[in-house]
Amino acid sequence: MDTDIASAETLVLGPRLKEQRRRTGLTLEAAARRLELSAAHLSRMESGLRQPSLPVLLGLARLYGTTVSDLLGETTAEPFPIVRGDSMAPVPAGGWTYWRAGGTGRAMQALRVHVPPEAQDRLVRVHPGEEWLYVTAGRLRLSLGENTHLLDAGDAAHFDSLVPHRLAAASPEGVDLLFLHTLMQSEAAGLCITPQDTQDPKRADTPK
């Protein structure tokens, strides 16, 4: 049940509610109507004179396209920024070997990758986002759409990963990469297509 207790937390919450409402372009009357509240009632919450109940907070969060935690100003701890080399455990997948070189929960994933010869060399990937790679050892054959490029140690590439792309080792010892890609959420993320089976896409079994 809503109360008229004007605590310090409520006084902080009120301006945040008003800011979120204005961000969505809603007038006080329009927001109150959608929440099935009176405009006066919502105005008192925005002024810090009334404390909203949890159901009302949930309704406000849904209406403003945010979360209750955001409305309350709660923040999560920033992940520790350092990844030590001895904590990067090798993860084999699909013939490649990956070492996670960045933190979790980020919008971008950082990896060290070793690609041995002939591993996934016919697998074409298509997924939302961007990719950046840097060759640290060996030679990479990178196919982007209709074009194929050979990259040696010290070379880099940065491309839209909706462009069909294929990575393969072009040196007998394989190729080592530093690899960054964005983690845009989509049902198409990680889609892989073999050249012989473009009508029946298969999901990749790699961390990409």
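Is Trp 132 buried, partly exposed or exposed? In this predicted model, Trp 132 comes out as partly exposed, with a relative accessible area of 29%. Its ring partner, Tyr 134, lands in the partly exposed class too, at 30% relative accessibility. The two ring centres sit 6.3 Å apart with their planes at 10°, and since planes under 30 degrees apart count as stacked, this pair gets that label.

The full tally of aromatic pairs is 2. The other one joins Trp 96 and Tyr 98, with 5.9 Å between the centres and 35° between the planes, which makes the pair tilted. Here the surroundings are buried: Trp 96 has a relative accessible area of 2%, and Tyr 98 is also at 2%. The cut-off for buried is under 20%, so Trp 96 qualifies.

Charged side chains turn up over rings as well. Arg 125 lies over the face of Trp 96, at 4.7 Å from the ring centre, so to speak adding a cation to a ring that already belongs to the tilted pair. Over the face of Trp 99 lies Arg 112, at 4.5 Å from the ring centre.

On the backbone side, there is an open sheet of 6 strands, ordered β1-β2-β3-β10-β5-β8 and paired in the antiparallel sense. Its edges are β1 (90-93) and β8 (156-160), each of which pairs on one side only. From one strand to the next, the twist averages 25°. Inside this sheet, β5 (residues 130-137) and β10 (residues 175-182) are joined antiparallel by 6 bridges. One of the bridge partnerships puts Leu 133 opposite Phe 179 of β10.

Another antiparallel pairing links β6 (residues 140-144) to β9 through 5 bridges. Leu 144 has His 165 as its bridge partner in β9. Strand β9 (residues 165-169) is mostly covered, with 4 of its 5 residues buried.

Now for the helices. Helix α2 spans residues 28-35, and its buried residues are Leu 28, Ala 30, Ala 31, Ala 32 and Leu 35. Right after α2 comes Glu 36, which has a positive phi, near 60°. Helix α3 (residues 39-46) includes Glu 46. Which class does Glu 46 fall into, buried or exposed? Glu 46 is buried, with a relative accessible area of 5%. Leaving aside residues up to four places away in sequence, Glu 46 touches Gly 14, Pro 15, Leu 17, Lys 18, Arg 21, Leu 28 and Tyr 64. Among these contacts, Leu 28 of α2 is itself buried.

How far can the coordinates be trusted? The protein chain has an average pLDDT of 81, and 78% of the residues score at least 70. Confidence peaks in strand β7 (residues 147-151), at a mean of 98, and bottoms out in strand β12 (residues 202-203), at 36. Residues 184-191 stay under 50 in pLDDT, and the model has 24 contacts for them beyond four places in sequence. Residues 194-208 are below 50 as well, and this stretch has 39 contacts beyond near neighbours in sequence. Where pLDDT is low, the predicted coordinates should not be read in detail.

Key
Residues numbered from 1 in each chain as written. Predicted model: local features only at pLDDT ≥ 70, side-chain atom pairs only at ≥ 80, totals over all residues. Heavy atoms only, no water. Phe/Tyr/Trp six-rings, centres within 6.5 Å; stacked < 30°, edge-to-face > 60°. Buried < 20%, exposed > 50% of the residue type's maximum accessible area, 1.4 Å probe, protein only. Lys NZ or Arg CZ within 6 Å of the ring centre and 35° of its normal. Pairing = 2+ DSSP bridges. Helix = DSSP H or I, 4+ residues; strand = E, 2+ residues; numbered from the N terminus. Axes fitted to C-alpha atoms, helices over the stretch in contact; angles between N-to-C directions. pLDDT = per-residue confidence, 0-100. Contact = heavy atoms within 4.5 Å.
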